[in-house]
Amino acid sequence: MFFLMRCLHRDGQDQARDTHRPAHRAWVQSGGEGLAAVLIGSALLDEQGGSIGNFGILEAESLEKARAFAEGDPFTLAGIVERIELTPLPDTFQAHRIGEPMTARE
C-alpha cells in the first residue's frame, strides 16, 4: 500500500531540526528499521521559504505500519512534529515512476 505522509512542524523548530536531521535521515534510509519504504520526500516550506514540515510517499504493509514509521521518526520523538497526516493512495498509484527511492525496497 502507498501513503502520502505529511508531518507538520511546530513553529520555531529550526535549531531542533538541525540537531536531529542526521538521525531523521538515518531513520528514512532504514525505512524506520523496516516499517516502510520512503520512495521520495522533502521538506515543506511556507511562502517565505521557511521550513514548516516534511512529506514523503511511503510504501507500507498497512496504515498502522505507516503511522508507526511517522511516529518513530526522530523529528516526532523530539517534539518537532505537531501533526501527522497519512492519506492512502489508490491502487493505481504509479510508484514505478519514482526513479531512486530514499529507502531500499525489498
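A pocket here is an open set of grid points with protein on both sides within 12 Å along at least five of seven lines, and its lining residues have an atom within 4 Å of a point. With that in hand, welcome to a few close-up views of this predicted model.

**View 1. The largest pocket and its centre.** Let us begin with the largest pocket, whose volume is about 310 Å³. Its lining is made up of 20 residues. Look for His24, Ser42, Ala43, Asn54 and Phe75, which lie nearest the centre of the pocket.

**View 2. What lines the largest pocket.** Which elements each supply at least two residues of the lining? They are helix α1 (14–34) and the strands β1 (2–9), β2 (37–45) and β3 (51–59). By character, the lining residues divide into 8 polar, 8 nonpolar and 4 charged.

**View 3. The open sheet.** Here 4 strands form an open sheet, and you can follow them in the order β2-β3-β1-β4, with antiparallel pairing. At the edges stand β2 and β4 (81–88); each has a single partner strand, so one side of each is left without a neighbour in the sheet. On average, neighbouring strands of this sheet are turned by 15 degrees against each other, direction ignored.

**View 4. β1 beside β4.** Now turn to one pair of strands from the sheet: β1 and β4 pair in the antiparallel sense over 7 bridges. To find your place, start at Leu4, whose bridge partner in β4 is Thr87.

**View 5. Helix α2 across the strands.** The last view shows helix α2, residues 63–72, lying across β1, β2, β3 and β4. Relative to β4, helix α2 runs at about 155 degrees.

Conventions: Residues numbered from 1 in each chain as written. Predicted model: local features only at pLDDT ≥ 70, side-chain atom pairs only at ≥ 80, totals over all residues. Heavy atoms only, no water. 1 Å grid on protein atoms, 1.4 Å probe; cavity = no way out; pocket = protein on both sides within 12 Å on 5 of 7 lines; lining within 4 Å. Points joined across faces, edges and corners; volume = space filled by probe spheres on them. Nonpolar A, V, L, I, M, F, W, Y, C, P; charged D, E, K, R; others polar. Pairing = 2+ DSSP bridges. Axes fitted to C-alpha atoms, helices over the stretch in contact; angles between N-to-C directions. Contact = heavy atoms within 4.5 Å.
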